[in-house]
Amino acid sequence: MSAGRQQHRDPVDAIIDQWAAVRPDLDTKAMEVFGRIYRLSRAMGDRMEKAYAPYGISRGEFDVLATLRRSGEPFTLSPRQLSATLMLTTGGMTGRLDKLERAGLLRRSPDPHDRRGLQVTLTEKGLDVIDQAVGAGLAVQTAALSSLDTEQADQLAWLLRELLAGTQGTEH
C-alpha cells in the first residue's frame with residue numbers, strides 16, 4: 001500500500017482488514033466499492049437534507065418539485081407520472097403531494113383530458129422554492145466533488161454509470 005493511500009484510509013479499509021484477518025479466502029473488492037457507495041450516499045443524503053431544510057422541504061419533497069420543474073412549462077404532471085418517475089407508490093406520492101399543497105408549493109386540479117384524473121402543477125411559490133433549493137443542493141454536491149479534478153470527476157461519473165447499468169435487472 002502506498003504512502004498516499006495510507007493517509008486516506010477510511011472505515012471501509014478497517015472492515016476489509018478485519019475480513020482479511022478472519023477470512024483471507026474472501027475477495028472483498030465488491031465490499032470495498034459498495035461499502036463506500038453506501039457511506040457516501042448516507043453522508044450526502046444528510047447534507048442534502050440540511051441544504052433543503054431552509055426551504056421547508058425534505059429530499060423526497062424536493063424530488064417531487066424538481067420533477068415538476070424539469071417537466072418544463074406549464075410544470076404540470078399527473079400523480080401517476082410523478083409516481084412512475086420517482087418510483088413511489090401512489091400512497092407515498094399522496095402524502096408528499098398533500099404536504100406540498102398545504103405549503104402552497106403546488107396545486108392539484110382536475111385533468112381536462114380525463115374526468116377521473118388529476119393534474120399536479122407547481123405554484124409560483126413552488127417554482128421559487130425549487131429554483132433556490134436546486135442551487136443550494138448543487139452547491140453542496142459541487143463542494144463534495146471538489147476533492148477530485150475535472151478528469152477524475154468525469155471518470156467517476158462514467159464508472160458509476162457503467163456500474164449502475166450493470167446492475168439493472170440483476171436483482172434476485
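Here are four short exercises, each with a worked solution, on the predicted model shown above.

**Exercise 1. The sheet**

Work out the strand order of the open sheet, and find which strands stand at the edges.

*Solution.*

Step 1. Start with the order. Three strands make up this open sheet, arranged β1-β3-β2, and their pairing is antiparallel.

Step 2. Look for strands with a single partner. These are β1 (76-77) and β2 (106-111), which stand at the edges, so each has one side left without a neighbour in the sheet.

Step 3. Check the bridges for each pair. Antiparallel β2 and β3 are joined by six bridges, while two bridges join β1 to β3, again antiparallel.

Step 4. Put residues on the pairs. From β2 to β3, Leu106 is opposite Leu122, Arg107 is opposite Thr121, and Pro110 is opposite Leu118. On the β1 side, Leu77 has Val120 of β3 as its bridge partner.

Step 5. Follow the chain from β2 into β3. The two strands form a hairpin, with two residues between them.

Step 6. Now add the helix. α4 lies across β1, β2 and β3, and runs at about 100° to β3.

It may help to recall that strands of a sheet pair through backbone hydrogen bonds, either parallel or antiparallel.

**Exercise 2. The loop between α4 and β1**

Inspect the backbone at Pro74 and Phe75 in this loop. What is the peptide bond from Glu73 to Pro74, cis or trans? Which sign does the phi of Phe75 have, positive or negative?

*Solution.*

Step 1. Place the residues. Pro74 sits in the loop that links α4 and β1, and Phe75 belongs to that loop between α4 and β1 as well.

Step 2. Read omega. The bond from Glu73 to Pro74 has omega near 5°, and is cis.

Step 3. Read phi. Phe75 is not a glycine, yet its phi is positive, at about 60°.

**Exercise 3. Two helices in contact**

Describe how helix α3 and helix α7 meet, first by geometry and then by residue.

*Solution.*

Step 1. Take the axes. Those of α3 (residues 29-52) and α7 (residues 124-145) come within 9 Å, crossing at roughly 145°.

Step 2. Add the handedness: the crossing of α3 past α7 is right-handed.

Step 3. List the residues that make the contact. From α3 they are Met44, Arg47, Met48, Ala51 and Tyr52; from α7 they are Ala133, Ala136, Gly137, Val140, Gln141 and Ala144.

Step 4. Sort them by class. The contact of α3 with α7 has eight nonpolar residues, two polar and one charged.

**Exercise 4. Two pockets**

For the largest pocket and the second largest pocket, give the volume, and say which element supplies most to the lining.

*Solution.*

Step 1. Begin with the largest pocket, which holds about 1,800 Å³ of space. It is lined by 36 residues, and those closest to its centre are Arg36, Ile37, Leu40, Leu156 and Leu160.

Step 2. Ask which elements take part. At least two lining residues come from each of α2 (11-22), α3, α4 (59-70), α7 and α8 (150-167). α3 gives the most, with 15 residues.

Step 3. Sort this lining by class. In the largest pocket there are 19 nonpolar, seven polar and ten charged residues.

Step 4. Move to the second largest pocket, with about 200 Å³ of space. Its lining consists of Ser78, Pro79, Arg80, Ser83, Thr90, Asp111, Asp114, Arg116, Gly117 and Leu118.

Step 5. Trace these residues back to elements. α5 (79-86) and β3 (114-122) each supply at least two of them, and β3 has the largest share, with four residues.

Step 6. Finish with the classes. The second largest pocket is lined by two nonpolar, four polar and four charged residues.

Technical notes. Residues numbered from 1 in each chain as written. Predicted model: local features only at pLDDT ≥ 70, side-chain atom pairs only at ≥ 80, totals over all residues. Heavy atoms only, no water. Axes fitted to C-alpha atoms, helices over the stretch in contact; angles between N-to-C directions. Left-handed = near helix turned anticlockwise from the far one by under 90°. Contact = heavy atoms within 4.5 Å. Nonpolar A, V, L, I, M, F, W, Y, C, P; charged D, E, K, R; others polar. 1 Å grid on protein atoms, 1.4 Å probe; cavity = no way out; pocket = protein on both sides within 12 Å on 5 of 7 lines; lining within 4 Å. Points joined across faces, edges and corners; volume = space filled by probe spheres on them. Pairing = 2+ DSSP bridges.
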